[in-house]
Structure formats: C-alpha cells, structure tokens
Amino acid sequence: MFNNYTKMTTAFAAFALLFSTGAWSQCAEGEIAVDYAITGGSFASEISWTLNDDAGASVFNGGAPISGQWCLPAGDYTFIGSDAFGDGWNGATATFTSGGNVIGFFDLPDSTDGSDVTGGSIVLSVSADVPGCTDATASNYNAAATVDDGTCCFDDLVTITL
C-alpha cells in the first residue's frame, strides 16, 4: 500500500535519476553537453584552470576539485591547467567526455628534473558527430553513427566445434 509520502519519494527519486544521468539535457539547441571532472590531487588549493574558446576568450575557469557539465557550441576549446606552486598537479587529473566518449584527458605531472611545472594545455574538439561504423554490411554497424571511425568489422566469424 502506497501512502502519499512513498509516492512523492518515488517520484523525486525517478526525477533525480533522470536529471543526474543527462536524460534531460539542459543544453540549448545547437549546444553540446560536455561532462568534466577535475580531481583535487594532494594540493587542490594550488590548482587553477581556464577553458578558452577558439578565439582565446575565457569561457569558464575555476579550481579543484570540481565536476559538472558545460553546454558548448561545436568547435575547438583549449583547456589550460595551472599550478601555483610549480610542482605539478600532484595526482590531480581532468577528464572530459561528450556522448559517453572521452574527448580529452589532462594531467600536469610533477617535474622529474627539479624544474618548475606551472602549467600545460590540451585542445578539446567538441562536435555533435557520433563516431562508429557506418557500413550497414559490417557486423558492428552503428545506425546512430554520423562519422565512420574505421572500426568496421567484416568476416569476423568464429566457428566453434564441440
């Protein structure tokens, strides 16, 4: 028997699950969801970062640890990671995914020769394209793929005789 409290709790839990898994994307038309996770490492207070668009303008910036989702128009973005002390990120990393695919990974390793390690960068290519096999005759054909990624499998049959 369900009472009103149980019904309300169940409805709230379902809403939270849909929201947290991205089923209800908050991105506007023409924007692409990019999930990011920037860990803290040993000295999170030393970490800062900036995300620049292809014109070099800062789009987002912050510290660590942090995670969330950006809604970005298609294009190339530069993620710049910095360390205030100059000894690298001390185990911290930044991972970027879109559509379930990793589109970028960043870490600022500690110096091995004693020199300062204050920063580095990577380029993130944000696209609505879905990579996969676009050849319908392949065994791993992906109807949702919009760009062929060269992974099509042909004649990949295995016969097992018992």
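**Exercise 1. In what order do the four strands of the open sheet lie, and how are they paired?**

Before we start: this is a predicted model, in which local features need pLDDT of at least 70, side-chain atom pairs count only at pLDDT 80 or more, and totals for chains, interfaces and linings use all residues. Residues are numbered from 1 along each chain as its sequence is written, and side-chain values use heavy atoms, with hydrogens and water left out.

*Solution.*

Step 1. Take stock of the elements: the chain has one helix and ten strands. Both kinds are DSSP runs numbered from the N terminus (helices: H or I, at least four residues; strands: E, at least two).

Step 2. Find the pairs, where two strands pair if DSSP finds at least two bridges between them. Strand 2 and strand 3 are antiparallel and share four bridges; here N52 has S58 in strand 3 as its bridge partner. Strand 2 is also joined to strand 5 (residues 75–83) by six bridges, again antiparallel, and L51 is partnered by F79 in strand 5.

Step 3. Put the sheet together: the order is 3-2-5-8, with antiparallel pairing. Strand 3 (58–62) and strand 8 each have a single partner strand, so one side of each edge strand is left without a neighbour in the sheet. On average, neighbouring strands of this sheet are turned by 15° against each other, direction ignored; axes are lines fitted to C-alpha atoms, for helices over the stretch in contact, and angles run from 0 to 180 degrees between N-to-C directions.

Step 4. Look at the turn: the hairpin of strand 2 and strand 3 has five residues between the strands, and G56 takes a positive phi near 90° there.

**Exercise 2. Describe the aromatic pairs that Y36 forms with W49 and W70.**

*Solution.*

Step 1. Set the rule: rings of Phe, Tyr and Trp (its six-membered ring) pair if their centres lie within 6.5 Å; planes under 30 degrees apart are stacked, over 60 edge-to-face, and the rest tilted. The count by this rule is ten aromatic pairs.

Step 2. Classify Y36 and W49: their ring centres are 6.3 Å apart and the planes stand at 55°, so this pair is tilted. Y36 belongs to strand 1 (residues 31–38) and W49 to strand 2 (residues 47–52), so the pair ties together parts 13 residues apart in sequence.

Step 3. Classify Y36 and W70: with 4.2 Å centre to centre and 20° between the planes, they are stacked. W70 sits in strand 4 (residues 66–73), 34 residues from Y36, and the pair links distant parts of the chain.

Step 4. Check burial (buried: under 20% relative accessible area; exposed: over 50%; partly exposed in between; 1.4 Å probe, protein chains only). Y36 counts as buried because its relative accessibility is 12%, and W70 does so at 3%. W49 is buried too.

Step 5. Widen the view: ring pairs link Y36, W49, F60, W70, F79, W89, F96 and F106 into a cluster.

**Exercise 3. How many residues of the chain's 162 are buried, as a percentage?**

*Solution.*

Step 1. Apply the burial cut-off from Exercise 2 to the whole chain.

Step 2. Read off the share: buried residues make up 23% of the 162 residues.
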